[in-house]
Number of protein chains: 2
Amino acid sequence: MRLLNERNIEDIALGAAVLGTGGGGDPYIGMLMARQAIRDYGAVELYTLDELDDDDLIVPTAMMGAPTVMVEKMPNGDDIINAFKSVGKYIGKPIRATMSIEAGGLNSVVPIYVAARLRIPLVDCDGMGRAFPELQMVTHTIAGIGATPMAMSDERGNTVLMETISNHWTERFARSVTVDMGAMAMIALYAATVGQLKTAAVLGTISQAERIGQTIRSARVTEEDPVNTVREAVGGYLIFKGKIADVQRRTEGGFARGDAFITGIDDYAGQQLQMSFQNENLIASIDGAPVVTVPDLIATLDIDTGEPITTEGLRYGFRVAIIAMPCAPQWRTPVGIALVGPRYFGYDMDYVPVEERCG
Amino acid sequence: MRLLNERNIEDIALGAAVLGTGGGGDPYIGMLMARQAIRDYGAVELYTLDELDDDDLIVPTAMMGAPTVMVEKMPNGDDIINAFKSVGKYIGKPIRATMSIEAGGLNSVVPIYVAARLRIPLVDCDGMGRAFPELQMVTHTIAGIGATPMAMSDERGNTVLMETISNHWTERFARSVTVDMGAMAMIALYAATVGQLKTAAVLGTISQAERIGQTIRSARVTEEDPVNTVREAVGGYLIFKGKIADVQRRTEGGFARGDAFITGIDDYAGQQLQMSFQNENLIASIDGAPVVTVPDLIATLDIDTGEPITTEGLRYGFRVAIIAMPCAPQWRTPVGIALVGPRYFGYDMDYVPVEERCG
């Protein structure tokens, strides 16, 4: 166990936004929320799974919806506490801790807010090792853990609880309710024991995010090439440098979908990268040929600072570097590829591990 | 207390379909479901509120959605039991009985099915004295009783529970979930005590429906004018006789909406009646002038048998009589008119009690 202070939270939010591959919410808003909670309620205890009992029950907490909405509509804090407590009340057993369901600027720190306010531990793992747009897309699903009982709460005081026959049905109902709640809802779901999570979760995600965040912060003062230091910290590949020439986006059924077109610079002059996203970056193609696909991670970094840019933050003229990273091994199984491979998202192409194309 | 047998159920389903004013589901399907339950589990006890303790908790049960779907997708019975039990489990107190939330061919007998299968009483009252298309449109709302905790279940085994800040929010979430469940869901909601219901409910609805059903059945053998005997039984007014010339319908967001155009015959030759409906009949206008409006009841009867025709059963060429009946007094209050008056449904006209126009 170690304590997370305000500085740690900033690093986690920033580093998780790299792992968030363009989704998972804005790191600035998430960080503000978690930092205030630590100021109000004290430092948060970060545990590894090994430091807890196998029977301890863990309930992840998160924001669901189109991240674009966050700019106008801040969660008020009570909403996520309502969702978390509703699941606990429904299950009728004590919940030992919370955790992130995904790595992302916001969803890495929403559980920190919950942990601070309720004075419960945060667990150093998540359910993706990155961010994904749909509820069933978690390593819990691969391990056969149900998303329900799931609770969703809005800032007005409404709560919806569900028990479904599959995690795809959870996604279906929850997506509609999210739209009704104003395109954003705070959620608690995927209750599991520590014993289950030892194989079902992606371990160490919070520490990994923190290290990435520290790297970006150090690069601000050491004047190293920030993109290269981030690439090294994540163990990834630089696949492109360029200038954003166009971004086409649409919000559909609670998702932010679109494509960004990036014109190459430096070594990449004369080439064009197309990035297709649905909340998160899904496919990066150079001159029409796919180079990295989901579930491997694709991050867009500011070329000068190494800071991650979310899909909703993509703007004409930004100078960016694109880096790719291997996904957690669970995703590379047949069940994992069926859940989150390119074909699930409607792209007629096979998944090829990033190491094979870029290694 | 008295026992309801199969014959009583048939009468209730038929008579409630008259009170259902075109909505509330098909009486044939509802009757089949309830009759089978009585065959399997025995007769159902019908109680008046006075025969129960004021502290007894009553949870109404119903079908929600577009009745047109019922023809293709029968409820399987477990769904409504799941919804009812989920509310009980959530409240954590024993539920004494169930009741109808609305009068209608299906929703008058769904609670009979629940009562038979769970061997609990049915209460002789409902929350409308008719049928309405939206969840918040019940006399419980006028009395300040919340719709939630509400449970919704489908035939697959999915259940959604909600706690909302208003009955309008319940309607909003539940409507989306109903669409996701396949345009139909089985629901349990509006938990209230007997003490509350003594002023909050419309009393005696089941007995009234049974009397109307008996009247229609007798008319089959006595050769009396069936439309006139029904009109007398409901204390209503004959406003039109004609032949259906056109029906324009559309299913929108879980509702069956449309207009029927009826060409007058006999005393009404040369006139045209337009009936606007949203699941239920809302406005009857003759030659462009409104004659009866919601919340007063408008029923379409087969001219030869006196049997009610639901809005989804309206067909070109049917010879029909239109009768109008005064609504329950709760609806004629300012709060009632705000909830279910013509303006709520988008019609730019004031409510005028049917007695003033037709009396």
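This is a short walk through the two chains, from the whole assembly down to single strand pairs and one helix.

**Before you click.** You're looking at a predicted model, where local features need pLDDT of at least 70, side-chain atom pairs count only at pLDDT 80 or more, and totals for chains, interfaces and linings use all residues. Residues are numbered from 1 along each chain as its sequence is written, while chains are lettered from A and ligands numbered from 1 in the order in which they are written. Colour chain A by pLDDT (the predictor's confidence in each residue, from 0 to 100): the average is 93, and 97% of the residues score at least 70. For the model, ipTM is 0.83 and pTM is 0.87.

**Stop 1: both chains.** Superpose chain B on chain A, by least squares on the C-alpha atoms of residues with pLDDT of at least 70 in both. A turn of 180° with a shift of 0.0 Å along the axis does the job, at an RMSD of 0.0 Å. That is how a two-fold axis relates copies. To find the axis, select B:Leu161: in chain B, its C-alpha is the nearest to the axis, at 2.4 Å.

**Stop 2: the contact.** Now pick the residues in contact across the chains (C-beta atoms, placed from the backbone, within 7 Å). You should get 16 residues from chain B and 16 residues from chain A. On the chain B side, β8 (159-163) and α6 (167-180) each supply at least two residues; helices (H or I, at least four residues) and strands (E, at least two) here are DSSP runs, numbered from the N terminus. α6(B) gives the most, with six residues. Colour that side of chain B by type and it divides into seven nonpolar, five polar and four charged. For that split, Ala, Val, Leu, Ile, Met, Phe, Trp, Tyr, Cys and Pro count as nonpolar, Asp, Glu, Lys and Arg as charged, and the others, Gly among them, as polar.

Stay here and show β8 in both chains. Strand β8 of chain A pairs with β8(B) in the antiparallel sense over five bridges (strands pair if DSSP finds at least two bridges between them). A:Met162 stands opposite B:Val160.

**Stop 3: β12 of chain B.** Select residues 237-252 of chain B, which form β12. Antiparallel to it runs β13 (residues 255-264), joined by ten bridges; look for B:Arg249 with its bridge partner B:Gly258. β12(B) also pairs antiparallel with β18 (residues 319-325), over six bridges, and there B:Lys241 has B:Ala321 as its bridge partner.

**Stop 4: an open sheet in chain B.** Three strands in the order β1-β2-β5 make up this one, with mixed pairing. β1 (2-4) and β5 (122-123) are the edges, each with a single partner strand, so one side of each lacks a neighbour in the sheet. Three bridges link β1(B) to the antiparallel β2 (residues 44-47), with B:Glu45 as the bridge partner of B:Leu3.

**Stop 5: helix α1 of chain A.** Finish on residues 6-19 of chain A: at 1.5 Å a residue these 14 residues should span 20 Å, and the end C-alpha atoms are indeed 20 Å apart. (The expected span is 1.5 Å times one less than the number of residues.) Twelve of the 14 are buried, so α1(A) is largely enclosed by the rest of the structure; buried means 20 or more other C-beta atoms within 10 Å of a residue's own, C-beta atoms being placed from the backbone. Among the buried ones are A:Asn8, A:Glu10 and A:Asp11. Show the elements they pack against, including α2 (27-41), α8 (205-222) and β17 (297-302) of chain A. Just after α1(A) comes A:Thr21, with a positive phi near 50°.

Note on methods:
Contact = placed C-beta atoms within 7 Å.
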